[in-house]
Amino acid sequence: MNSHHKFYVSIFVILCIAFLNSEQKPNNPKLISYSSSECEDVYFMNRRKIQNRILSHTITDSSQVYKVFVATGCDRTAKGEIKFINDTLKLRYHNFIKVSEELIKVNDSVSEVKETYIEEVVECDCAYELIYEISGLNKQPKVVTLNDEIITNTKHKYKIRLKAPIFKVVNKDTINLVDIYGLKQKTHMSYRKDGQLFSNLFYVDGQAMTGLASIRYNVNGFDRVEIHKENGNYTKRNYYKNEKLVKVCDTEGAFDDDTNCISLE
C-alpha cells in the first residue's frame with residue numbers, strides 16, 4: 001500500500017471514529033430554566049377550542065429553547081419539568097402547594113424533613129406562554145408533548161376548523177356568523193318560540209361582549225325586562241310598562257340583583 005492509500009485510509013478511519021463518537025454521545029437533556037407568562041383570561045366556553053401548541057423552537061450552541069402556548073386552569077404553570085423517552089420530548093407544567101411538613105428522626109444526630117404536596121386546582125381558565133430552555137438535547141425529538149398531549153408548531157390558535165363560515169342574511173345584513181373555528185363573531189340575534197326577540201348581542205371569538213343579553217316578557221307586572229351587557233359584563237336592567245321605560249337599574253346579571261335603581265315614572 002503506497003503512501004497515498006495509507007493517507008486516505010487514515011482519514012477514513014478518523015472520520016468513522018468521529019461519527020461513532022457522535023452517535024454514542026448520550027442524550028441527557030436537562031432543564032436549564034423555565035418560565036411562565038402571567039395569566040391571560042380565557043373565556044371558559046373557548047378553553048377546549050384553543051389548541052396548545054409550539055410557538056417557536058430555537059437552537060443555539062449550548063441549548064434549545066421551546067416556547068409553547070397552553071390554555072389551562074389558573075395558577076397551574078408555576079413549575080416545569082422535561083423528560084426524553086423513545087424519541088419523545090415530554091414537557092410538563094404543574095403547580096404544587098405544601099400541605100404538611102413532618103420532622104423524621106434518622107438517628108441521634110440526623111433528622112430529615114418530610115414535606116407533602118398536592119396539586120392546587122383553581123376554577124378559572126387562563127392562557128399562558130411557557131418557555132423551556134434545555135441543554136444536552138443531542139437527539140432531536142420526533143414528537144413533543146405537553147402534559148402528555150402531542151403539540152406541534154402551528155400558527156392556528158383554534159382546534160376546530162369548519163369547511164366554511166356559517167351565517168344568516170336578514171334584510172341584507174349578515175347575522176349569526178360562526179367562523180371556521182366554530183366561534184361566534186359579530187351580531188347574533190335569537191328569538192323565542194313565539195317569535196319575540198330574546199337577545200341581540202355582539203360577539204368576539206365566541207364571547208358575548210355588548211348588547212341586549214336577554215328579554216323577559218310579562219313578568220312581575222312589567223311588559224318586559226331587558227338585561228344589557230357592555231365589554232363582556234352585565235351592566236344594567238331596563239323595566240318597561242305599556243311600552244314605556246319606567247325603571248333602570250345596575251345589575252350583575254342575576255334576575256333579582258338590582259342596585260342603584262332610578263325610577264322614571
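Of the 265 residues in this predicted model, 31% come out as buried. The accessible surface adds up to about 17,700 Å², and carbon and sulfur atoms account for 51% of that. As for secondary structure, there is one helix to go with 20 strands. Looking at contacts between residues at least 6 apart in sequence, 44% of them join residues at least 24 apart.

Confidence is worth a glance before going into side chains. The mean pLDDT is 85, with 83% of residues at 70 or more. The low point is helix 1 (residues 3–24), with a mean of 54, while strand 10 (residues 143–146) sits at the top with 97. Where pLDDT is low, the predicted coordinates should not be read in detail.

Next come the charged pairs. Side chains of opposite charge can pair when their charged atoms come close. Across the whole structure, nine salt bridges turn up. One of them pairs Asp125 with Arg47, with 2.9 Å between the closest N and O atoms. This pair bridges distant parts of the chain, since Asp125 belongs to strand 9 (residues 125–135) and Arg47 to the loop between strand 2 (40–41) and strand 3, 78 residues apart. Both Asp125 and Arg47 are buried.

Strand 9 also supplies Glu129, whose side chain forms a salt bridge with that of Lys67 at 3.3 Å, N to O. Lys67 is part of strand 4, so this bridge ties together parts of the chain that are 62 residues apart in sequence. Here the partners are partly exposed: Glu129 has a relative accessibility of 34%, and Lys67 has a relative accessible area of 28%.

Another salt bridge brings together the side chains of Asp194 and Arg192, at 2.6 Å from N to O. Asp194 is partly exposed, at 47% relative accessible area, and Arg192 falls into that class too, at 34%. Elsewhere, salt bridges link Asp87, Lys139 and Lys142 into a network.

Two buried polar residues deserve a closer look. Ser63 sits in the loop between strand 3 (53–59) and strand 4 (64–73). Despite the loop position, Ser63 counts as buried because its relative accessibility is 7%, and the cut-off for buried is under 20%. Its side chain makes a polar contact of 3.1 Å with the side chain of Glu133. Setting aside neighbours within four places in sequence, the residues in contact with Ser63 are Ile32, Thr58, Glu133, Ile134 and Ser135.

Thr251 belongs to strand 19 (residues 244–251). With a relative accessibility of 6%, Thr251 is also buried. The side chains of Thr251 and Arg237 are joined by a polar contact of 2.8 Å. Once residues up to four places away in sequence are left out, Thr251 touches Tyr234, Thr235, Lys236, Arg237 and Asp257.

On the outside, Ile160, Leu162 and Ile166 make up a nonpolar surface patch of about 230 Å². Within this patch, Leu162 lies in the loop between strand 11 (149–151) and strand 12 (166–170). Leu162 is partly exposed, its relative accessible area being 33%.

Conventions
Residues numbered from 1 in each chain as written. Predicted model: local features only at pLDDT ≥ 70, side-chain atom pairs only at ≥ 80, totals over all residues. Heavy atoms only, no water. Helix = DSSP H or I, 4+ residues; strand = E, 2+ residues; numbered from the N terminus. Buried < 20%, exposed > 50% of the residue type's maximum accessible area, 1.4 Å probe, protein only. Polar contact = N/O pair within 3.5 Å; in protein donor to acceptor, adjacent residues only side chain to side chain. Contact = heavy atoms within 4.5 Å. Patch = residues over 30% accessible without salt bridge, like charges linked within 9 Å, V, L, I, M, F, W, Y side chains within 5 Å. Areas by Shrake-Rupley, 256 points an atom, 1.4 Å probe, with all protein chains shown as cover. Salt bridge = Lys/Arg side-chain N within 4 Å of Asp/Glu carboxyl O. pLDDT = per-residue confidence, 0-100.
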